[in-house]
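Q: Can we go through this one together? I'd like to start with the pockets and then look at how the helices pack.
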Amino acid sequence: MRSELLLSPHSSVPMYAQIVEQIIAKVMSGAWQAGNPLPSIRELAASCQVSVITVKRAYLELERSGVIVTRHGKGSFVADALDATRGLATAEFDSQLQGLLDAAGKLGLGRDDLLDRVGEAFDTSQSITTSTDKGTPA
């Protein structure tokens with residue numbers, strides 16, 4: 001598997017995050033299949049001209065997200081499709097959640113206000129789902 005990642009030192013996105021985004025994109029597009037080995041940390045660091053620590057941080061984040069699995073002494077591999085899909089969905093959820101928190105901060109919403117609004121949106125969403133499941137319009 002070639003490590004065709006293009007990183008920009010001029011981007012406001014940290015290098016490790018650029019690595020994470022590009023690997024996720026390759027996994028989601030099917031370019032990197034479940035079970036395929038990833039480049040070693042040292043190999044990817046050399047090809048991307050970044051430090052080993054940067055790649056290690058990216059791999060740890062990808063592993064926490066369930067996108068990759070690391071086997072001691074064997075390397076890192078693209079996770080099985082189910083694990084990867086769940087990991088990608090979790091990463092997307094976390095990203096959206098951070099966006100929600102950022103927006104709430106800009107609006108000056110406190111924790112209680114935010115939780116009330118999220119609860120109302122959740123309840124509304126559930127009632128729409130329930131009525132749609134029953135075949136009645138929401």
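A: Sure, one definition to begin with: helices (H or I, at least four residues) are DSSP runs, numbered from the N terminus. This is a predicted model, where local features need pLDDT of at least 70, side-chain atom pairs count only at pLDDT 80 or more, and totals for chains, interfaces and linings use all residues. Residues are numbered from 1 along each chain as its sequence is written, and side-chain values use heavy atoms, with hydrogens and water left out.

Q: OK, which helices supply at least two residues of the lining of the largest pocket?
A: Helix 1 (15-29), helix 3 (52-65) and helix 4 (81-107) each do. Helix 4 gives the most, with 10 residues.

Q: What counts as a pocket here?
A: On a 1 Å grid over the protein atoms alone, a pocket is an open set of points where a 1.4 Å probe fits, with protein on both sides within 12 Å along at least five of seven lines; lining residues have an atom within 4 Å of a point.

Q: And which residues lie nearest the centre of the largest one?
A: Val20, Glu61, Ala91, Asp94 and Ser95, out of 18 lining residues. The lining divides into six nonpolar, six polar and six charged. Ala, Val, Leu, Ile, Met, Phe, Trp, Tyr, Cys and Pro count as nonpolar, Asp, Glu, Lys and Arg as charged, and the others, Gly among them, as polar.

Q: Switching to packing: at what angle do helix 1 and helix 3 pack?
A: About 45°, with their axes 8 Å apart. Axes are lines fitted to C-alpha atoms, for helices over the stretch in contact, and angles run from 0 to 180 degrees between N-to-C directions. That makes helix 1 oblique to helix 3 (not under 35 degrees, over 145, or 65 to 115).

Q: Which residues meet there?
A: Met15, Tyr16, Ile19, Val20, Ile23 and Ile24 in helix 1 meet a set in helix 3 including Val55, Ala58, Glu61 and Leu62, where contact means heavy atoms within 4.5 Å. By class, that contact has 10 nonpolar, one polar and two charged residues.

Q: How about helix 2 and helix 3?
A: The axes of helix 2 (residues 41-48) and helix 3 come within 8 Å and cross at roughly 120°, so helix 2 is oblique to helix 3.
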